[in-house]
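This report walks through one protein chain, looking at single residues before turning to the helices and what lies between them. Please keep the structure in view while reading.

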Amino acid sequence: MEAGMSRLSIGETLKEERKSKAMTQKQVAIETGIHNTTISQIESGRFTGSLDILERYVCYLGFELNITPMKRTLPDFDNLSTLFSDED
């Protein structure tokens, strides 16, 4: 999985991988012990459950979770005055 992926893109990646293995959500549910509606929520980007469940599904499909620092860009010193302008 690439860094900075959204919940939706993570779900889409997992769904594509599951389908590439010719598995149904029900088959994965039986193999992992994760309810098939939860798998559906993960794949559609609507999952808000535990990290343990997400990690179990991710690992089952041969992926791993990684945490990377967010890339943020700060304005140049010359641009600061435009950020705090009183004009609309």
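## A buried arginine

Arg-18 has a relative accessible area of 5%, and because this is under the 20% cut-off, the residue counts as buried. The model is a predicted one, and in it Arg-18 belongs to helix α1. The side chain of Arg-18 is joined to that of Glu-43 by a polar contact of 2.6 Å.

Which residues surround Arg-18, once its neighbours within four places in sequence are left aside? They are Met-23, Thr-24, Gln-25, Val-28, Glu-43, Tyr-57 and Leu-61, each of them in contact with Arg-18. The partner in the polar contact, Glu-43, is itself one of the buried residues of helix α3.

## The start of helix α1 and the loop after it

Arg-7 lies in helix α1, which covers residues 7-20. Although Arg-7 and Gly-45 are 38 residues apart in sequence, their C-alpha atoms are 4.8 Å apart in space. Not counting residues up to four places away in sequence, Arg-7 touches Ile-42, Gly-45, Phe-47 and Thr-48.

Ala-22 sits in the loop between α1 and α2, where α2 covers residues 25-32. Is Ala-22 buried or exposed? Its relative accessible area is 64%, and because this is over 50%, Ala-22 counts as exposed. The phi of Ala-22 is near 55°, a positive value in a residue other than glycine; as a general rule, most residues other than glycine have a negative phi.

## Helix α3 and its buried side

In helix α3, which covers residues 36-43, the buried residues include Thr-38, Ile-39, Ile-42 and Glu-43. These residues cover an arc of only 135° around the axis, which means that they are on the same side of α3. The buried residues of α3 pack against α1, α2 and α4.

Ile-39 gives a closer view of this packing: leaving aside its neighbours within four places in sequence, Ile-39 is in contact with Gln-25, Val-28, Ala-29, Thr-32, Ile-34 and Tyr-57. Just after α3 comes Gly-45, which takes a positive phi of about 80°.

## Helix α4 and its meeting with α2

The buried residues of α4 are Leu-54, Tyr-57 and Val-58. They cover an arc of only 100° around the axis, so they are on the same side of α4. What covers these buried residues includes α1, α2 and α3. After α4 comes Gly-62, whose phi is positive, near 90°.

Two packed helices are described by the angle between their axes and the distance between the axes. For α2 and α4, the axes come within 11 Å and cross at roughly 110°. Because angles of 65 to 115 degrees count as roughly perpendicular, α2 and α4 are described as roughly perpendicular to each other. Where they meet, Val-28, Glu-31 and Thr-32 in α2 face contacts from Arg-56, Tyr-57 and Tyr-60 in α4.

## The nonpolar core

In soluble globular proteins, nonpolar side chains tend to be buried together. Here, the largest nonpolar core has 14 residues, and those with the most contacts inside it are Leu-14, Val-28, Ile-39, Ile-42, Leu-54 and Tyr-57. Each of α1, α2, α3 and α4 supplies at least two residues of this core, while the largest share, 3 residues, comes from α4.

Some of these core residues have already appeared above: Ile-39 and Ile-42 are among the buried residues of α3, and Leu-54 and Tyr-57 are among those of α4.

How values were computed:
Residues numbered from 1 in each chain as written. Predicted model: local features only at pLDDT ≥ 70, side-chain atom pairs only at ≥ 80, totals over all residues. Heavy atoms only, no water. Helix = DSSP H or I, 4+ residues; strand = E, 2+ residues; numbered from the N terminus. Contact = heavy atoms within 4.5 Å. Buried < 20%, exposed > 50% of the residue type's maximum accessible area, 1.4 Å probe, protein only. Polar contact = N/O pair within 3.5 Å; in protein donor to acceptor, adjacent residues only side chain to side chain. Arc of directions from axis to C-beta. Core = buried A, V, L, I, M, F, W, Y, C linked by side-chain atoms within 4.5 Å. Axes fitted to C-alpha atoms, helices over the stretch in contact; angles between N-to-C directions. Parallel < 35°, antiparallel > 145°, perpendicular 65-115°, else oblique.
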